[in-house]
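Thank you all for making time this morning. I would like to walk you through a structure that will be new to most of you, beginning with one small detail and working outwards from there.

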Amino acid sequence: MGAKPIEGRTTAVTEDEVVVFLVGMRINSFAAPRSWLPVARAMGPMLAELSREKGSGLLGFQFLLGFPRVLYVVQYWDSKEKLLAYASVPDRGHRPAWAAFNRRLREGKGKVGIWHETYVAPTGSYESIYVNMPAFGLGKATGVVPVGRRGDRAVDRLRIS
């Protein structure tokens with residue numbers, strides 16, 4: 001049924017630099033599942049691969065739905081170097097998935113689209129709060145603590161170290 005909410009106000013544990021990577025797909029034609037279904041299925045094995053390897057740099061992830069056409073994943077990484085390294089290694093999941101997508105793109109004539117955005121958030125330049133929520137987002141990726149441990153107000157949690 002889902003994770004149990006944590007009563008009260010919590011915030012993400014980490015105060016280190018975090019890289020937020022958003023990656024997703026847009027179904028441009030529901031009538032063309034041969035174009036978009038393999039794209040939708042490609043992310044799970046890559047995330048499983050990264051989750052198994054402790055030094056991969058992936059801290060955690062959250063699947064989201066932009067109903068009805070957009071599926072995406074918010075990923076939290078400990079460095080942009082590890083994110084970029086994973087994307088370029090030929091014998092890991094990303095390169096074959098990228099090559100397969102490009103083949104489908106040529107064959108599918110725009111029936112599926114993909115996108116990604118990368119944000120590097122230096123130490124002290126982000127904050128989070130979760131109220132009566134199970135661990136979610138960055139808090140799920142790094143763990144949560146009561147808000148008071150990192151500052152009761154957003155301005156306190158956004159201090160640049």
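Let me begin with a single contact, in which the backbone oxygen of Leu 50 lies 3.0 Å from a polar atom of the side chain of Ser 56. Please keep in mind throughout that this is a predicted model. The same side chain, that of Ser 56, also reaches the backbone nitrogen of Leu 58, at 3.2 Å. As for where we are in the chain, Ser 56 lies in the loop between α1 and β3. Is Ser 56 buried or exposed? Its relative accessibility is 6%, and because buried means under 20%, Ser 56 counts as buried. If we leave aside its neighbours within four places in sequence, Ser 56 is in contact with Leu 50, Trp 77 and Lys 82.

From that loop we can step back into the helix that precedes it. Helix α1 has 20 residues and reaches 29 Å from its first C-alpha to its last, which is close to the 28 Å expected at 1.5 Å a residue. Its buried residues are Ser 35, Trp 36, Val 39, Met 43, Met 46, Leu 47, Glu 49 and Leu 50, and I would point out that Leu 50, from our opening contact, is on that list. How do these buried residues fall when α1 is seen down its axis? They fall within an arc of 155°, so they line one face of the helix. The face of α1 turned away from that buried side carries the exposed residues Arg 34, Arg 41, Pro 45 and Arg 52. And what do the buried residues of α1 pack against? They pack against the strands β2, β3, β4 and β5, and also against α2, residues 80-88, and α3, residues 94-108.

That brings us to the sheet. Four strands form an open sheet in the order β3-β4-β2-β5, and the pairing is antiparallel. At the edges stand β3, residues 58-66, and β5, residues 112-121, each with a single partner strand, so one side of each is left without a neighbour in the sheet. The twist averages 15° from one strand to the next. Helix α1, residues 33-52, packs on this sheet, touching β2, β3, β4 and β5, and its direction makes about 155° with that of β3.

Let me look at the pairings within this sheet. Strand β2, residues 18-27, and strand β4, residues 70-77, pair in the antiparallel sense over eight bridges. Along this pairing Phe 21 stands opposite Gln 75 in β4, and Met 25 stands opposite Leu 71 in β4. Eight bridges also join β3 to β4, which again run antiparallel, and here Phe 63 stands opposite Val 73 in β4. The connection from β3 to β4 is a hairpin, through three residues.

I would like to pause on one residue of β4, namely Gln 75. With a relative accessible area of 4%, Gln 75 is buried. Which side chain does the side chain of Gln 75 meet in a polar contact? It is that of Trp 77, at 2.9 Å. Beyond its neighbours within four places in sequence, the contacts of Gln 75 include Val 19, Val 20, Phe 21 and Val 23, together with Met 43 and Leu 47, and also Leu 58, Gly 60 and Phe 61.

For contrast, consider Phe 30, which lies in the loop between β2 and α1. Phe 30 is partly exposed, with a relative accessible area of 41%. Its C-alpha atom and that of Arg 69 are separated by 8.4 Å, although the two residues are 39 residues apart along the chain. Setting aside its neighbours within four places in sequence, Phe 30 is in contact with Trp 36, Pro 68 and Arg 69.

Finally, there is another sheet to mention. Three strands form an open sheet in the order β6-β1-β7, with antiparallel pairing. Its edge strands are β6, residues 130-133, and β7, residues 144-146, each of which pairs on one side only. In this sheet the twist averages 50° from one strand to the next. Strand β1, residues 6-12, and β6 pair in the antiparallel sense over three bridges, and the bridge partner of Arg 9 in β6 is Val 131.

That is where I will stop, and I am glad to take questions.

Note on methods. Residues numbered from 1 in each chain as written. Predicted model: local features only at pLDDT ≥ 70, side-chain atom pairs only at ≥ 80, totals over all residues. Heavy atoms only, no water. Pairing = 2+ DSSP bridges. Helix = DSSP H or I, 4+ residues; strand = E, 2+ residues; numbered from the N terminus. Axes fitted to C-alpha atoms, helices over the stretch in contact; angles between N-to-C directions. Contact = heavy atoms within 4.5 Å. Buried < 20%, exposed > 50% of the residue type's maximum accessible area, 1.4 Å probe, protein only. Polar contact = N/O pair within 3.5 Å; in protein donor to acceptor, adjacent residues only side chain to side chain. Expected span 1.5 Å × (residues − 1). Arc of directions from axis to C-beta.
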